[in-house]
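Biologist: I have a new model open on my screen, and I would like to learn how to read it. Could you walk me through it, one feature at a time?

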Amino acid sequence: MNNKEEIVIGYLEQTDDILNIDDELPSYANGLPYFLENEDKFESIKCQQCGNQMKMLLQIYAPLNKKHASFREIYVFLCLNEQCSKNNSSVRVFRMQSQQKPQLLQSKNKEYILSPQNKSFIIDTEIINAKENNNELQVAEELLPTNFDDEDKDVDLKNVKFDNENKIYENYLKSTEEKEDINELDGLEKDQQNNIDGCFLIYQHFLTQYPNHIVRYCFDSQSKPLWFSDKKQPQIESKCPHCKKNKIFEFQINNSILTYFPELYNLEWGALYIYSCPSSCQVGGQILIEETIYAHSDEQEFISPNLKVDPNTKLVSINTNKSNKQKQQIQQQQQQQQQIQQKIDEKDEEDDDW
Amino acid sequence: MAEQEQQQAPAVEQEQAAPVEKKGFGRGGRGQRERREGGAPRQNRGPRRFGGEQEWTPLTKLGRLVKAGKIKSLETIFQFSIPIKEYQIVDHFLKNLKEEPLALGPVQKQTCAGQRTRFKAYVVVGDNHQHIGLGWKSAKEVQGAIKGAVINAKLNLIPVRKGYWGNKIAQPHTVPCKVTGKEGSVRVRLVPAPRGTGIVAAITSKKVLQMAGIQDCYTQSKGSTRTRSNFLKATFHALKETYNFLTPDLWGHTKLESTPFQEHSEYLAALK
């Protein structure tokens, strides 16, 4: 498992020779995939909607501290067919692992190449301290017009330049026009902006802080992904078929990959979120193990086939096997939360009556 | 015993050796690029600043089209009611946007540890011609509140329709018809006025109307206009109504046009 205090970020670097690296296995994008076993042993990867062969977007080397998964590679495939692109099943993710150092076998299937005109890119990594990350997140929530800024927190605003705003403020103070009494500003804190997508603003902020980063990796049960948008945030509840544990978030691929590959211009999703089994089980002797991937798009036309929309909530859940009892429990929890919120609102109103 | 010890020793050595050698995702690889020979070093990012003068890489489809120069003006975006999610799009089209705070004051919230005071800023953004945006934000420092409010205002930008009071000569100068906007208990009514009247309104809404580019207007307001936030928002909604009103000159049939996404997807597909 990854150290909880680190988040690893991946950038694309152009290179001629992919295998000349210090890692045991390569992490790279756009090219013939390097499988750990002979590709005749499994079927070539095809789109579930249209049946065409999918292209490999990237593969990354993600070893774990466990013996059976010390050489572990994750492959992300996608289908470029226009009709499929509005569907979540146009992307698929697979995992290959082995105990000893495997032989790297390059695929001979040229259909796997995403962008034949471009060269291949290596994925270069950078580590971010999670505390710094959290601090930047708080700064972003404080300064961007999101709706999340209700809690008390200590925000460190050292790195922020306020030159422009200082000028505006000084002009405002100096202006000789009549100003109405400032204390008449109503004490209401909560002013909801209904059409502003707060999550997107924070996402955009992080992408400008670490420009052009493609992959954001933090494989931990408590790690939270950086969501692309407020709408359609899922509750991923798919389970590993072997150990029956809930899959946890491993990494996400951001929209910025589109600047490198013009073939991806028409794609609808904003970011891809990959969830995998926490103990990286070897499921039933399969060579290629499929994991869950969620393509996040804020457009209503985008379909996820396993989606079940609960009419009581705005959250959308991706799950195949969910018993009725669990559903009832979740509904009860939501009702309790609503009741608590109502009580808080009532208390606020009481205070206003003074 | 000796055999067991021997068997245990190599196993331990392997585990100890493993974390040192392995890199890649999951173990936190360092910039492997630096070790490779003949590779250009990655651009040094330097100390990270909020926002700053970094180049804008678009994240939405609309952003990509705007940056590529395929969309000629903001009116195309307004025509198809496409939501603007990136404020850099507005900056791209309107270079002479002015930002003006209209209300800056402290607001308080009761907590178990006393009162928590923050500053709330209402900022109006406009080009004095035909676009206006109103944004608000509360933050711990005044400057932070202004910054957030400016971004909010740019995302809330609307076009303003202007018309004539009487003879249709020279450029439009007033509201096309009587429009009203409401927020809370405040009702603001904008009435067309003859040329040269100027804006007949309270200071707060006068500023908003000036930045929207309206030269002459009569106003009537009702309700508790002392609540600045509601008064500003009511004026803003009234201006929004100008393009919602169906006037007789819009009665004619209009041709169905394809959205910018459809129009340019064919162009982009031709790239393949």
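Modeller: Gladly! Let us begin with surface: chain B exposes about 14,900 Å², and carbon and sulfur atoms supply 51% of that area. Keep in mind throughout that this is a predicted model.

Biologist: And what does chain A expose, and what share do carbon and sulfur atoms supply?

Modeller: For chain A the exposed area is about 17,900 Å², with 43% of it supplied by carbon and sulfur atoms.

Biologist: What percentage of the residues in each chain is buried?

Modeller: A residue is called buried when its relative accessible area is under 20%. By that cut-off, 54% of the 354 residues of chain A are buried. In chain B, which has 272 residues, buried ones make up 44%.

Biologist: How many helices and strands should I look for in chain A, and how many in chain B?

Modeller: Chain A has four helices and 15 strands. In chain B you will find eight helices and eight strands. You can also ask how far along the sequence the contacts reach. Counting contacts in chain A between residues at least 6 apart, 76% link residues at least 24 apart. In chain B, 58% of the contacts with a separation of 6 or more involve residues 24 or more positions apart.

Biologist: Now sheets, please. In what order do the four strands of the open sheet in chain B lie?

Modeller: The general idea is that strands of a sheet pair through backbone hydrogen bonds, either parallel or antiparallel. Here the open sheet has the order β5-β6-β8-β7 in chain B, and its pairing is mixed. The edges are taken by β5 (179-183) and β7 (199-200) of chain B; each has a single partner strand, so one side of each has no neighbour in the sheet.

Biologist: How many bridges join β6 to β8 in chain B?

Modeller: Five bridges do, between β6 (residues 186-191) and β8 (residues 217-222) of chain B, and these two strands run antiparallel. To see one such bridge, pick Arg189(B): its partner in β8(B) is Gln220(B). Then look for helix α7 (residues 228-241) of chain B, which packs on this sheet and touches β5, β6 and β8 of chain B. The direction of helix α7 of chain B makes about 145 degrees with that of β5(B).

Biologist: Let us try a strand in chain A. Is β9 of chain A mostly covered or uncovered?

Modeller: Mostly covered: five of the five residues in β9 (residues 213-217) of chain A are buried. Strand β9(A) is joined to β1 (residues 6-14) of chain A by four bridges, running antiparallel, and there Ile9(A) stands opposite Arg216(A). Three bridges also join β9(A) to β11(A), again antiparallel; Val215(A) has Ile253(A) in β11(A) as its bridge partner.

Biologist: Next, aromatic rings. How many aromatic pairs does the structure hold?

Modeller: A pair of aromatic rings is described by the distance of the centres and the angle of the planes. Over all chains there are 16 such pairs. One of them is Phe121(A) with Phe261(A), an edge-to-face pair at 5.6 Å centre to centre with 80 degrees between the planes.

Biologist: Which parts of chain A does that pair tie together?

Modeller: Phe121(A) sits in strand β8 (residues 121-129) of chain A, while Phe261(A) sits in the loop between β11 (248-254) and β12 (271-276) of chain A, so the pair links parts 140 residues apart in sequence. Phe121(A) is buried because its relative accessibility is 6%, and Phe261(A) is buried at 0%. A tilted pair is formed by Phe249(A) and Tyr273(A), 6.2 Å centre to centre and 50 degrees between the planes. Phe249(A) belongs to β11 and Tyr273(A) to β12 of chain A, so this pair ties together parts 24 residues apart in sequence. Both Phe249(A) and Tyr273(A) are buried.

Biologist: Which residues form the aromatic cluster that includes Phe35(A)?

Modeller: The cluster consists of Phe35(A), Phe42(A), Tyr75(A), Phe77(A), Phe94(A) and Tyr112(A).

Biologist: Finally, where does UniProt place "domain: S5 DRBM"?

Modeller: The unreviewed UniProt entry lists residues 97-160 of chain B for that feature. Over those residues the chain is 22% helix and 59% strand, with the end C-alpha atoms 15 Å apart.

Conventions: Residues are numbered from 1 along each chain as its sequence is written. Chains are lettered from A and ligands numbered from 1 in the order in which they are written. This is a predicted model: local features need pLDDT of at least 70, side-chain atom pairs count only at pLDDT 80 or more; totals for chains, interfaces and linings use all residues. Side-chain values use heavy atoms; hydrogens and water are left out. Two strands pair if DSSP finds at least two bridges between them. Contact means heavy atoms within 4.5 Å. Axes are lines fitted to C-alpha atoms, for helices over the stretch in contact, and angles run from 0 to 180 degrees between N-to-C directions. Buried means under 20% relative accessible area, exposed over 50%, partly exposed in between (1.4 Å probe, protein chains only). Accessible areas come from the Shrake-Rupley method with a 1.4 Å probe; for residues, only the protein chains shown count as cover. Rings of Phe, Tyr and Trp (its six-membered ring) pair if their centres lie within 6.5 Å; planes under 30 degrees apart count as stacked, over 60 as edge-to-face and the rest as tilted. UniProt positions are given in the numbering used here, feature names are shortened, and annotations may be inferred rather than shown by experiment.
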